[in-house]
Amino acid sequence: KELVTNMMTNLLADFKADANDGDAVNPFETGKSRIYYKAGALEFLESKRLAKLGVLATAIQKTVRGFVAFTQYSRLYATSIIVQALVRRNIARKNLLRACSAVTTISC
């Protein structure tokens, strides 16, 4: 019970709940197995939860977008190396055939 009370006190530290006479009131009560919230306290906790979820969703999106971009870059890089090798092979083959043709022409 003490642990729950301390946790809820820390979570609801920014929440302001006033009694009719203007005194500050604890925004929750702890029973034996449940927590009872004053008006607005649960909505305050939900808004804090949604704010945290937004931050976490942004971090997940950032990681996934980075992974997708890196994967696309890796594929593009590997493909460009293959294309360059094929072009170099064709140029070398053309030069070899030209040299073989020149040798054949000179020897005949």
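**Questions about a long helix and a small core**

Colleague: Before we turn to the rest of this predicted model, which residues is F15 in contact with, leaving aside its neighbours within four places in sequence?

Modeller: F15 lies in the loop between α1 and β1 (28–30), and its contacts are counted here without the neighbours within four places in sequence. Counted in that way, the residues in contact with F15 are P27, A39, G40, A41 and F44.

Colleague: Is F15 buried or exposed?

Modeller: The cut-off for a buried residue is a relative accessible area under 20%. F15 has a relative accessible area of 15%, and therefore F15 counts as buried.

Colleague: How far apart in space are F15 and G40, C-alpha to C-alpha?

Modeller: G40 is among the residues in contact with F15, although 25 residues separate the two in sequence. From C-alpha to C-alpha, the distance between F15 and G40 is 8.7 Å.

Colleague: Which residues make up the largest nonpolar core?

Modeller: In soluble globular proteins, nonpolar side chains tend to be buried together. In this model the largest nonpolar core has 7 residues in all, and F15 is one of them. The largest share of this core, 3 residues, comes from α2. The full set is M8, L12, F15, F28, A41, F44 and L45.

Colleague: Leaving aside its neighbours within four places in sequence, what is M8 in contact with?

Modeller: M8 belongs to the largest nonpolar core, as do F28 and L45. With the neighbours within four places in sequence left aside, M8 is in contact with F28, I35, Y37 and L45.

Colleague: What do the buried residues of α2 pack against?

Modeller: Helix α2 runs over residues 41–107, and its buried residues are A41, F44 and L45. These buried residues of α2 pack against α1 (2–11) and β2 (35–37).

Colleague: What length does helix α2 reach from its first C-alpha to its last?

Modeller: The helix has 67 residues, and at 1.5 Å a residue the expected length is 99 Å. The length found in the model is close to that expectation, at 99 Å.

Colleague: Where is F67 found, and is F67 buried or exposed?

Modeller: F67 is found in helix α2, where I60, V64, F67 and V68 form a nonpolar patch on the surface with about 400 Å² of accessible area together. Exposed residues are those over 50% relative accessible area. F67 has 57%, so the location asked for is helix α2 and the class is exposed.

Colleague: Which residue forms a salt bridge with R49?

Modeller: Side chains of opposite charge can pair when their charged atoms come close. A search of the whole structure finds 1 salt bridge, and in the bridge formed by R49 the closest N and O atoms are 3.1 Å apart. Both residues lie in helix α2, 3 residues apart, about one turn of the helix. The partner of R49 is E46.

Note on methods: Residues numbered from 1 in each chain as written. Predicted model: local features only at pLDDT ≥ 70, side-chain atom pairs only at ≥ 80, totals over all residues. Heavy atoms only, no water. Helix = DSSP H or I, 4+ residues; strand = E, 2+ residues; numbered from the N terminus. Expected span 1.5 Å × (residues − 1). Buried < 20%, exposed > 50% of the residue type's maximum accessible area, 1.4 Å probe, protein only. Contact = heavy atoms within 4.5 Å. Core = buried A, V, L, I, M, F, W, Y, C linked by side-chain atoms within 4.5 Å. Patch = residues over 30% accessible without salt bridge, like charges linked within 9 Å, V, L, I, M, F, W, Y side chains within 5 Å. Areas by Shrake-Rupley, 256 points an atom, 1.4 Å probe, with all protein chains shown as cover. Salt bridge = Lys/Arg side-chain N within 4 Å of Asp/Glu carboxyl O.
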